[in-house]
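Student: Could you take a close look with me at the backbone of this model? I would like to dwell on the loop residues whose phi angles stand out, and then see the chain around them.

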Amino acid sequence: MGIDSIPERRDGLLVGFEPLRKILELEQKKGYTDSAVIGGLDKFLRNWAGQALEAVASPRLLKRFRQLLGTDYASLSQPQRKEWADRVLSLLAEMESGSGAEAEPPEKVRKSLTRVKTPAVVRSLSPPGASLDSPVTVVKGISSALAAKFARLGVRTVRDLLYFFPHRHLDYSQVKSISQLEEGEEQTIIANVWQAQVTRLGYREGTEAIVGDETGNVRVVWFNQPYLAKKLPTNARIVLSGRVSLFKGRHVFESPEWEFVEDGDLVHTGRLVPVYSLTQGLRPRQVRRLMKEVVDQWAWQVEDFLPPELRKRCNLLELPQAISQAHYPEDEAAKDKARVRLAFDELFLLQLGVMSRKHDWQESQPASAFTIDHALLERFITSLPFQLTAAQQRVLGEIMADLEKPQPMCRLLQGEVGSGKTVVATAALLMAVANGCQGAFMAPTEILAEQHFNTVCELLSRAGYQEEEEPYLRRYAGILSRPLTVALLIGEINQARKQELQQRILEGDIDIVIGTHALIQKGVEFRHMGLAVVDEQHRFGVAQRSALRQKGFKPHMLVMTATPIPRTLALTLYGDLDLSVIDELPPGRQVVKTKWLKPWQRESAYAFLRKQVASGRQAFIICPLIEESEAVNAQAAVVEYERLSQEVFPDLRLGLLHGRLSGEEKDKVMQRFRSGELDILVSTPVVEVGIDVPNATVMLIESADRFGLSQLHQFRGRVGRGQEQSYCMLLAENPSQVGRERLDIIENVQDGFILAEEDLKLRGPGEFFGTRQSGLPDLRMAKLSDIPLLELARSEAIKLFQTDPGLSSPQHRLLARELARVWPEAGEWS
């Protein structure tokens with residue numbers, strides 16, 4: 001700021017501003033009661049401002065004064081008046097220091113420039129009639145073209161902007177003097193511009209400036225930005241933040257962020273600076289500046305939907321403050337407190353949503369309460385070629401107890417690959433049929449549906465005997481007092497046969513239907529569905545479960561997963577389900593020997609695999625996921641299959657399985673592998689779910705470091721299903737630090753639940769689940785690995801739900817409205 005921009009001085013005071021300073025100091029002494037001047041401060045400001053402000057030549061300074069003086073002082077609360085007065089006095093002090101008085105310490109200047117504004121001080125009111133749900137175009141500076149770019153990031157309303165949180169912050173808050181600068185670190189200085197000019201930097205023009213403070217000068221260069229030279233007048237006081245490098249033995253700032261001290265509110269420098277996700281056509285400085293204005297103007301208009309007593313009990317920030325601090329935090333501690341509040345909101349609403357869904361499922365329409373036929377159950381269990389483990393018996397008891405209730409069962413059954421979930425599910429289906437209902441058993445893939453069909457049929461043929469066999473249909477006698485019919489319904493069945501089976505399902509002639517989620521599509525109608533078993537839930541999604549209800553039934557629901565999910569996480573994501581865990585493997589189930597091999601051990605891995613095949617065994621080779629695209633992965637698998645069959649195992653019989661094959665082609669390959677016509681199955685990760693080939697003893701996983709622990713554990717579970725010792729070999733060319741940790745763990749740990757906990761720590765929930773849970777709200781701030789916060793949110797949600805399940809009391813009105821917004825399908829809230 002140049003000397004010519006400051007009003008005339010006398011005895012160290014600015015003449016035009018002296019009355020204002022005296023009145024404010026008196027107002028401070030009187031405790032901000034608006035009694036320092038007759039007629040009140042607002043009247044004084046209206047009369048005084050016009051003449052005094054004419055003396056201010058600097059447009060930036062003028063803008064800041066106008067902003068502050070546009071405040072209606074009489075309407076402010078006492079703390080707001082204090083804050084307003086402090087800001088005006090600090091602005092006067094700043095004007096003095098700019099005219100040669102002793103400068104304030106840089107850190108003090110920085111703090112005054114990053115202080116959070118309260119709604120009273122902002123006073124830049126939103127456009128009339130605009131609300132948080134208005135389109136982003138109501139924000140000054142967002143045109144319809146810019147709005148289209150924000151829409152690509154899922155940001156369409158003002159509320160979306162407020163919840164468009166930065167994915168990280170750059171720490172530019174460490175203010176140094178020029179003499180303290182160090183090479184290679186992110187640092188901030190507050191300095192005067194001595195000169196700025198266009199210069200040639202490499203092959204292009206840029207800007208070079210010399211800036212200085214009381215401890216020295218430093219050179220600053222901006223590549224490809226010659227226009228900056230005109231923006232940086234001599235004597236301007238600026239804040240610079242960025243990395244410092246050495247050039248010919250001297251410190252240089254290279255393309256740092258910068259802004260004028262006079263702007264009064266730091267956005268790009270001197271603080272924790274937000275880094276937002278961008279898309280083509282959005283620039284970092286532009287988005288930061290817009291977001292600062294949106295947060296200052298709108299965050300205070302967000303109503304806090306948490307009941308005050310809950311907020312106090314959990315020691316959480318108020319919502320407007322949390323939103324503001326999540327974007328532009330005063331410091332790390334404020335940023336963390338903001339994250340905790342916003343993460344709590346997400347988890348709390350998630351809990352209330354899933355609990356309401358369970359309540360809705362169980363209370364709104366009673367299910368059929370089954371009568372448990374204990375003699376039938378006993379006969380079925382006795383017919384099994386093995387004894388049930390204690391865990392299977394316990395889980396079976398939990399399920400039977402649920403089936404006897406008039407509320408529909410909602411149960412998640414977790415169990416390792418091979419722990420015997422299908423046997424338990426078959427017993428439950430048998431009870432449904434014994435009670436005159438139909439059962440549906442749904443799998444995520446056709447391969448798996450067919451495998452379940454074969455398993456269930458094998459179990460039933462032991463309990464009774466097969467009376468009839470048609471394509472995709474079996475009939476058994478000797479189990480119930482009438483024949484029991486099981487059908488397989490998958491995509492590859494020809495249309496005429498499919499329609500015939502669908503007709504028989506509608507007439508109630510088929511008791512148990514096994515298939516993919518095609519079972520809940522239009523065209524498949526049940527006469528009376530009493531139990532639905534859904535396998536591999538997180539592949540299946542919440543939407544398919546609710547589609548079952550639209551069939552007009554409230555069946556009992558058993559969801560099974562072989563993906564071990566840590567208990568707290570299961571309770572959060574599947575809070576609408578009760579939890580059963582089969583936590584022991586059947587006796588004799590062997591440990592698969594697991595070895596992480598180095599790249600130079602590849603040949604010995606191939607030799608070992610060949611030796612196993614020579615002794616009559618079979619092997620899987622898993623190709624990595626190159627990228628999310630099915631097509632690219634299929635192509636990579638084809639190339640690898642050709643290399644292996646031509647160069648490595650030309651004398652062996654290899655098959656190929658990938659996601660682009662039709663259901664029929666996949667089945668053909670699997671059939672050949674199961675029956676022993678193929679020695680080695682080369683596959684993309686489609687093999688992860690459920691495939692059962694007892695003669696396979698070797699699992700070789702390429703680029704094993706690309707998979708998560710749970711997925712590696714799933715692959716490993718494909719072998720070791722027969723009597724012979726089985727092996728899992730992991731190859732990784734150049735694993736990262738996290739990749740190495742993962743391979744170390746899988747090599748030494750066999751327990752899927754321990755692996756799942758570790759996986760969650762290493763990878764976070766997004767990757768842990770592969771694709772996002774369908775039907776669940778987005779989690780932006782919550783980390784599912786943050787167990788204490790998860791448990792707090794869950795216990796508070798349970799407490800609230802027990803006292804007011806419909807959120808109908810007046811103090812929960814805002815919460816009900818927010819829940820309806822986040823969970824439109826969760827029930828009637830507002």
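Tutor: Happy to! Keep in mind that this is a predicted model. A short reminder helps to set the scene: most residues other than glycine have a negative phi. Against that background, let us begin with N315. Its phi is near 55°, a positive value, and the residue is not a glycine. Look for N315 in the loop that runs between helix 11 (308–313) and helix 12 (319–327). The relative accessible area of N315 is 59%, and because the cut-off for exposed is over 50%, N315 counts as exposed.

Now move along the chain to S703, which is likewise not a glycine and has a positive phi, here about 45°. S703 also sits in a loop, this one between strand 24 (696–701) and helix 25 (709–716). Its relative accessibility is 18%; buried means under 20%, so S703 is classed as buried.

With both residues placed, step back to the chain that holds them. The chain has 830 residues, and 56% of them are buried; S703 is one of the buried residues. Its secondary structure comprises 29 helices and 25 strands. As for contacts between residues at least 6 apart in sequence, 72% link residues at least 24 apart. Finally, the accessible surface of the chain is about 36300 Å², with carbon and sulfur atoms contributing 50% of that area.

Note on methods:
Residues numbered from 1 in each chain as written. Predicted model: local features only at pLDDT ≥ 70, side-chain atom pairs only at ≥ 80, totals over all residues. Heavy atoms only, no water. Helix = DSSP H or I, 4+ residues; strand = E, 2+ residues; numbered from the N terminus. Buried < 20%, exposed > 50% of the residue type's maximum accessible area, 1.4 Å probe, protein only. Contact = heavy atoms within 4.5 Å. Areas by Shrake-Rupley, 256 points an atom, 1.4 Å probe, with all protein chains shown as cover.
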